[in-house]
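This briefing takes up three topics in turn: the packing of two helices, the surroundings of the ligand, and the setting of one loop residue.

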Amino acid sequence: MTPDASQSEKKPVYRKLPRRHYPDVMRDNDRKIDLDWDDDHVLPSKIYPDIAHLLRRMTDVTLGAVAVADRESVLDIGCGRAVDAIELAARGGQCSGLEPSGRMISRAQERIAQNGTVVSLARGVSAHLPFKSNSFDKVICKGALDHFSHPEQAIAEMARVLKPQGKAVIATANFESLGFKAGRRVFALTRFLRRGKTDDGDFWRIPEDHTIKLDYGTLRRLVRPHFRIERSIGISLLVGLPGWSSLLEKLPARVSATSLSALDKLASHLPSLSNVIVIRCTPSDKSTSWSAE
Ligand SMILES: C[S@@+](CC[C@H](N)C(=O)[O-])C[C@H]1O[C@@H](n2cnc3c(N)ncnc32)[C@H](O)[C@@H]1O
């Protein structure tokens with residue numbers, strides 16, 4: 001069948017923000033930003049059932065919390081390949097993605113072109129968002145806050161660019177989760193018993209490209225000056241617990257899936273112990289804080 005000409009004409013690939021909107025990324029150079037950051041190294045070579053479940057739920061819960069309505073403006077900060085921005089655009093949002101990494105911007109552009117969605121991309125940093133105040137209905141920041149050079153400034157910027165009734169949804173790994181705490185203790189015990197000889201590395205270690213160790217208390221302290229938290233949701237509990245991934249793999253698939261979703265139900269009420277925390281918040285005192293602008 002011949003493609004409908006009017007349809008293909010209507011198919012914009014991506015829209016770039018005008019150059020004048022690009023911030024001076026050097027302004028953030030008092031703390032180094034990797035302008036070539038690449039996500040190739042992020043996922044482990046083998047994805048166990050608990051990690052696959054965690055990643056899937058992190059996306060589902062975060063996008064669910066954004067709850068984009070038709071034609072709402074959404075900004076994805078630290079958008080990476082723009083996978084979430086593309087999905088939110090498909091759900092009716094008018095989406096923009098912000099990224100400092102040239103490599104990730106290229107990958108995002110490719111993906112946007114493949115999907116035929118309209119997502120604006122801006123190259124910049126979270127501490128100096130190249131957008132006017134009160135311009136977005138929603139902000140999403142998934143798995144990125146602990147990569148930012150100035151997380152506290154990024155939070156202030158999120159509040160600035162949001163409309164007074166807007167919502168920010170922040171999703172982040174919790175480095176004080178139950179699984180990570182247990183992992184750290186078992187590691188310390190093993191190191192003691194083996195007189196210092198242990199296998200290197202595990203999930204609970206803070207990766208080198210992180211600028212801050214986030215847990216529920218730290219996240220709340222960071223957002224409190226600018227936002228009121230409406231909802232906190234925990235995802236997954238035992239990632240990081242030694243032996244948990246391989247046990248799940250040995251169990252029949254149905255049993256492991258049932259165990260993971262049962263634990264997830266528990267985790268949703270225990271954000272301080274869960275592996276991932278998703279918060280949905282609204283700017284506090286917007287009328288007074290930003291009235292000077
Ligand atoms: C782990 S990735 C998350 C990507 C995406 N949000 C997702 O969920 O797939 C973190 C992203 O934050 C970006 N980033 C790092 N520092 C940043 C900064 N100062 N401002 C904005 N984004 C930053 C990185 O380039 C990277 O794409």
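In this predicted model, the axes of helix α2 (residues 49–66) and α3 come within 11 Å and cross at roughly 45°. That angle is neither under 35 degrees nor within the 65 to 115 range, and therefore α2 counts as oblique to α3. The points below add the handedness and the residues of this contact, and then turn to the ligand and to the loop.

**Packing of α2 and α3**
- The crossing that α2 and α3 form is right-handed.
- On the α2 side, Thr 59, Leu 63 and Val 66 take part in the contact, and they meet Asp 84, Glu 87 and Leu 88 of α3.
- Sorted by class, the contact of α2 with α3 comprises 3 nonpolar, 1 polar and 2 charged residues.

**Surroundings of the ligand**
- The shell around the ligand holds 23 residues, of which Trp 37, Gly 78, Gly 80, Ser 126 and Ala 144 come nearest.
- Helix α3 (83–90) and strand β3 (94–99) each supply at least two residues of this shell.
- By class, the shell around the ligand divides into 12 nonpolar, 7 polar and 4 charged residues.

**Setting of Ser 272**
- Ser 272 lies in the loop that runs between α9 (253–268) and β8 (276–283).
- Because 16 other C-beta atoms lie within 10 Å, a count between the limits of 12 or fewer for exposed and 20 or more for buried, Ser 272 is classed as partly exposed.
- Although Ser 272 and Gly 234 are 38 residues apart in sequence, they are 7.5 Å apart in space, taken from C-alpha to C-alpha.

Key. Residues are numbered from 1 along each chain as its sequence is written. This is a predicted model: local features need pLDDT of at least 70, side-chain atom pairs count only at pLDDT 80 or more; totals for chains, interfaces and linings use all residues. A residue is near a molecule or strand if its C-beta atom, placed from the backbone, lies within 6 Å of it. Helices (H or I, at least four residues) and strands (E, at least two) are DSSP runs, numbered from the N terminus. Ala, Val, Leu, Ile, Met, Phe, Trp, Tyr, Cys and Pro count as nonpolar, Asp, Glu, Lys and Arg as charged, and the others, Gly among them, as polar. Axes are lines fitted to C-alpha atoms, for helices over the stretch in contact, and angles run from 0 to 180 degrees between N-to-C directions. Angles under 35 degrees count as roughly parallel, over 145 as roughly antiparallel, 65 to 115 as roughly perpendicular and the rest as oblique. A crossing is left-handed if the near helix is turned anticlockwise from the far one by less than a right angle, and right-handed if clockwise. Two residues are in contact if their C-beta atoms, placed from the backbone, lie within 7 Å.
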